[in-house]
Amino acid sequence: MSAVGLVCSHCGARYPVSAQYVCTQCFGSLEVAYDWDAVRHRLTTEPFPCHVPNLWRYRALLPVGGGPLIDLGTGFTPLLRADRLARELDLEELWIKNDTVNPTYSFKDRVVSVAVTAAQQMEIPVVACASTGNLAGALAAHAARAGLPAYVFVPADLEPEKLLGAAVYGPQVVAVRGSYDQVNRLCVQIADRLGWGFVNINLRPFYSEGSKTLAFETAEQLGWSLPDHVVVPVAGGSLLSKIGKGFRELLDLGLVSGTLPRISAAQAAGCAPVAHAWEEGRDQVQPVRPNTIARSLAIGNPADGALALRTIRESGGAAAAVTDREIVEGIQLLARTEGIFAETAGGVTVAALRRLVERGQVKRGERIVLYITGNGYKTVTALEGTVQQPPVLEPRFAEFERWYGSAPAPIRQAV
Ligand SMILES: *Cc1c(COP(=O)(O)O)cnc(C)c1O
Ligand SMILES: [Zn+2]
């Protein structure tokens, strides 16, 4: 295993590989520490295996040992050139990393696949999570695959689609009357007392490493080169920070050349603690009470908010917050121009890109990658009332002809 322990991101104290996430000396958050000489050596003798068409091709840079992997085929999702959307936004080179096609239809499969594999290797008997929805489905599916008992804690008002999308895999779902942040606080106490492996709490150092694979894949799919600018949706801030870490690791290993891409954050105006801190030039994030249709991003007190802010600043990125109305327009724009149906978080990302372009913070000539992290079928209710009822015809050509002949011109042009 190339991971040799955990290290405090604040004071540098070292700990063995274990389900621990805070430094007992200074309460800083813990990260996985690697033996970089061993990683370099491994990569010269066995480079990333191309025949592994998923995130595990980057196993050498992930915190798992030689044991079995909990794998549903997550990752190596399409990176698509998005010329029609680019034209709409007056950009030259835009790419979409389409993470809506993962096994449970969100990027959370990446972090869970890594965390559950690590949990099994550490012989943790029960896995669990606090979730705004997507994590619940990803954890339940991977636990089923691993044959591990799973507990999934969600806010009691979770969207029915997301509840069903987790329950079908057979975990114990527990609905908690309260906000996500309250659910999470409860789970911290359970983790402390029962020693379960909460993927987003005490397994967080392992979980968050899974997000690096989005950076690795982007670079590989661009022919081992880097984009100039990436736009990333932010909930707890782990995804954005670890995409930055992933690009840095590739630069440090000499697998790509150039400079760190600019990393910009996308948030919903109804829950924008990171975007507001960035706009006001603060280093710390002030918790908010979320109120937005982008439920998967509705974390009012982001665990990695400060780290995300630092990543944005050090990379020369920016941040934008968009309204619920802009989110719906963003979903529609992406679907109509590129044929990709994203959930509300995807609408946030597209709308935030538009805002960043308007403000001159994303430049026309940059090579841009947009991370689209969840599937539209997860949040269909967000589009309620936006879809026109179709004409209903008898199955006769004459009837079709009558309708078609009297239909307004735009319908006939569109065909
Ligand atoms: C969880 C999630 C994110 C962001 O994750 P963080 O690491 O918590 O910032 C983005 N998009 C979707 C769809 C998610 O479910
Ligand atoms: Zn410390």
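# Close-up views of a predicted protein chain

**Figure 1. Buried residues of helix α3 in the predicted model.** Lys108, Asp109, Arg110, Val111, Val112, Ser113, Val114, Ala115, Val116, Thr117, Ala118 and Ala119 are the buried residues of α3. The structure shown here is a predicted model. Helix α3 comprises residues 108-121, and its end C-alpha atoms lie 20 Å apart, in agreement with the 20 Å that 14 residues should span at 1.5 Å a residue. The helix is mostly covered, with 12 of its 14 residues buried. Packed against these buried residues are strands β5 and β6 (127-130), together with helices α4 (134-146), α7 (204-209) and α8 (212-221). Glu123, which follows α3, has a positive phi near 60°.

**Figure 2. Helix α4 and its surroundings.** Helix α4 is largely enclosed by the rest of the structure, since 11 of its 13 residues are buried. These buried positions are Asn134, Leu135, Ala136, Gly137, Ala138, Leu139, Ala140, Ala141, His142, Ala143 and Ala146. From first C-alpha to last, α4 reaches 19 Å, close to the 18 Å expected at 1.5 Å a residue. The partners of its buried residues are α3, β6, β7 (150-155), α5 (160-167) and α7. Immediately after the helix, Gly147 adopts a positive phi of about 70°.

**Figure 3. Helix α12 and the elements that cover it.** Helix α12 runs from residue 324 to residue 338, and its 15 residues reach 21 Å between the first and last C-alpha atoms, close to the 21 Å expected at 1.5 Å a residue. Its buried residues are Ile327, Val328, Gly330, Ile331, Leu333, Leu334 and Thr337. The cover over these residues includes two helices, α2 (83-89) and α13 (344-358), and the strands β5 (93-98), β11 (262-268), β12 (319-322) and β13 (367-372). Gly339 follows α12 and has a positive phi, near 70°.

**Figure 4. Thr373 and its contacts in the loop after β13.** Thr373 is placed in the loop between β13 and α14 (397-406). With a relative accessibility of 7%, Thr373 counts as buried, because the cut-off for that class is under 20% relative accessible area. Leaving aside residues up to four places away in sequence, Thr373 touches Asp99, Tyr105, Ser106, Phe107, Pro233, Leu239 and Ala345.

**Figure 5. Arg248 in helix α9.** Arg248 belongs to helix α9, which spans residues 238-252. The residue is partly exposed, its relative accessible area being 31%. When residues up to four places away in sequence are not counted, Arg248 touches Leu260 and Glu314. The view also takes in Lys212, which lies 36 residues from Arg248 along the chain; the two C-alpha atoms are separated by 9.8 Å.

**Figure 6. Positive phi angles at Phe76 and Trp224.** Phe76, although not a glycine, has a positive phi of about 45°. Its position is in the loop between α1 (36-45) and β4 (79-81), and a relative accessibility of 25% makes Phe76 partly exposed. Trp224 is likewise a residue other than glycine with a positive phi, in this case near 50°. It is found in the loop between α8 and β10 (229-233). At 30% relative accessibility, Trp224 counts as partly exposed.

**Figure 7. The protein chain as context for the close-up views.** The chain contains 15 helices and 13 strands. Its radius of gyration is 22 Å, which agrees with the value near 22 Å for a compact globule of 415 residues. Along the principal axes, the C-alpha trace spans about 75 × 45 × 45 Å. Of the 415 residues, 55% count as buried. Among contacts with a separation of 6 or more, 69% are accounted for by residues 24 or more positions apart. The chain exposes about 17800 Å², of which carbon and sulfur atoms supply 52%. There are 39 positive and 40 negative side chains, and the centres of the two sets lie 1 Å apart.

Notes: Residues are numbered from 1 along each chain as its sequence is written. Chains are lettered from A and ligands numbered from 1 in the order in which they are written. This is a predicted model: local features need pLDDT of at least 70, side-chain atom pairs count only at pLDDT 80 or more; totals for chains, interfaces and linings use all residues. Side-chain values use heavy atoms; hydrogens and water are left out. Helices (H or I, at least four residues) and strands (E, at least two) are DSSP runs, numbered from the N terminus. The expected span of a helix is 1.5 Å times one less than its number of residues. Buried means under 20% relative accessible area, exposed over 50%, partly exposed in between (1.4 Å probe, protein chains only). Contact means heavy atoms within 4.5 Å. The radius of gyration is taken over C-alpha atoms; the globule rule is 2.2 Å times the number of residues to the power 0.38. Accessible areas come from the Shrake-Rupley method with a 1.4 Å probe; for residues, only the protein chains shown count as cover. Lys and Arg count as positive and Asp and Glu as negative; His and the chain ends are not counted. The place of a charge is taken as NZ of Lys, CZ of Arg, CG of Asp or CD of Glu.
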